[in-house]
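Here are some exercises to work through with the model open beside you. Try each one yourself before you read the solution.

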Amino acid sequence: MTSYPAPAFTRPALAPGLLGAVVLMAGLALLDNASGYFWIMTVVAILAVIVAVYAWQARAPWWFVAMAPIAIAWNPVWPLDLHGQWWVAAQFAAALAFIAAGVFITVKNTKDRNGR
């Protein structure tokens, strides 16, 4: 039993959102290395799907719509041949989308830690 009240909501997508942003920023260093960037694409696509599932569960379809293009663009199975400054800008935009989704996807907390 704890004396702290239970929070009103949780942020289940915060950890994968922040991790996705970190991986995207680290991926900027590997844009010219095809084999190293493959792993960046794989991790980003998986994290985008995880955040999209949390958005779907939280009934926040606008974040689901934001994560679906990221999962498609960074898909390592059928990679898109994107390069140049637009692709670098897309890396930053996707990182911002990951952070925003992690912060704004909230789920009502139904657990009562002080229940008897």
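**Exercise 1.** Does Trp63 count as buried or exposed, and at what relative accessibility?

*Solution.* Keep in mind that this is a predicted model.
- Step 1: find the residue. Trp63 sits in helix H3.
- Step 2: apply the cut-off. Buried means under 20% relative accessible area. Trp63 has 15% relative accessibility, so it counts as buried.
- Step 3: look at what is around it. Leaving out residues up to four places away in sequence, Trp63 touches Ala55, Ala97, Ala100, Ala101, Phe104 and Ile105.
- Step 4: check a distance. Trp63 and Trp87 are 24 residues apart in sequence, and their C-alpha atoms are 21 Å apart in space.

**Exercise 2.** Step back and describe the overall layout: how many helices and strands does the protein have?

*Solution.*
- Step 1: count the elements. You should find four helices and two strands.
- Step 2: put them in order. Starting at the N terminus, the run is β-α-α-α-α-β.
- Step 3: look at the extent. The C-alpha trace spans about 60 × 25 × 20 Å along its principal axes.
- Step 4: ask how much is hidden. The protein has 116 residues, and 34% of them count as buried.
- Step 5: consider the contacts. Take those between residues at least 6 apart in sequence: 79% of them join residues at least 24 apart.

**Exercise 3.** Take a walk along H2. Which of its residues are buried, and which helices do they pack against?

*Solution.*
- Step 1: get the length. H2 covers residues 34-57, which makes 24 residues. From first C-alpha to last it reaches 35 Å, close to the 34 Å expected at 1.5 Å a residue.
- Step 2: pick out the buried residues. They are Gly36, Tyr37, Ile40, Met41, Thr42, Val44, Ala45, Leu47, Ala48, Val51, Ala52 and Ala55.
- Step 3: see what they face. These buried residues pack against H1 (14-27), H3 and H4.
- Step 4: see what follows the helix. After H2 comes Arg59, which has a positive phi of about 55 degrees although it is not a glycine. Arg59 belongs to the loop between H2 and H3, and with a relative accessible area of 72% it is exposed.

**Exercise 4.** H4 has contacts with both H2 and H3. At what angle does H3 pack against H4, and at what angle do H2 and H4 cross?

*Solution.*
- Step 1: start with H3 (residues 61-73) and H4 (residues 85-104). They pack at an angle of about 140 degrees, and their axes are 10 Å apart. This crossing is left-handed.
- Step 2: list who takes part. H3 brings Trp63, Met67, Ile70 and Ala73, while H4 brings Trp87, Ala94, Ala97, Phe98, Ala100, Ala101 and Phe104. Sorted by type, that is 11 nonpolar, no polar and no charged.
- Step 3: now turn to H2 and H4. Their axes come within 12 Å and cross at roughly 35 degrees. Here, too, the crossing is left-handed.
- Step 4: list these residues as well. On the H2 side you have Tyr37, Val44, Leu47, Ala48 and Val51, which meet Trp87, Gln91, Phe98 and Ala101 of H4. The split is eight nonpolar, one polar and no charged.

**Exercise 5.** How many residues are in the largest nonpolar core, and which element gives the most to it?

*Solution.*
- Step 1: count. The largest nonpolar core has 28 residues.
- Step 2: trace them back to their elements. H1, H2, H3 and H4 each give two or more residues to this core, and H2 gives the most, with nine.
- Step 3: find the residues with the most contacts inside the core. They are Val44, Met67, Ile70, Trp74, Phe98 and Ile105.
- Step 4: zoom in on one of them. Ile70 is in contact with Val44, Ala48, Ala94, Ala97 and Phe98, leaving aside neighbours within four places in sequence.

**Exercise 6.** Finish with two loop residues: do Asp32 and Trp78 count as buried or exposed?

*Solution.*
- Step 1: place them. Asp32 lies in the loop between H1 and H2, and Trp78 in the loop between H3 and H4.
- Step 2: use the cut-off, which is over 50% for exposed. Asp32 has 81% relative accessibility, so it counts as exposed. Trp78, at 67%, counts as exposed.
- Step 3: try a distance for each. Asp32 and Pro16 are 25 Å apart, C-alpha to C-alpha, while Trp78 and Phe9 are 37 Å apart, C-alpha to C-alpha.

Methods:
Residues are numbered from 1 along each chain as its sequence is written. This is a predicted model: local features need pLDDT of at least 70, side-chain atom pairs count only at pLDDT 80 or more; totals for chains, interfaces and linings use all residues. Side-chain values use heavy atoms; hydrogens and water are left out. Axes are lines fitted to C-alpha atoms, for helices over the stretch in contact, and angles run from 0 to 180 degrees between N-to-C directions. A crossing is left-handed if the near helix is turned anticlockwise from the far one by less than a right angle, and right-handed if clockwise. Contact means heavy atoms within 4.5 Å. Ala, Val, Leu, Ile, Met, Phe, Trp, Tyr, Cys and Pro count as nonpolar, Asp, Glu, Lys and Arg as charged, and the others, Gly among them, as polar. The expected span of a helix is 1.5 Å times one less than its number of residues. Buried means under 20% relative accessible area, exposed over 50%, partly exposed in between (1.4 Å probe, protein chains only). A nonpolar core is a set of buried Ala, Val, Leu, Ile, Met, Phe, Trp, Tyr and Cys residues joined through side-chain atoms within 4.5 Å.
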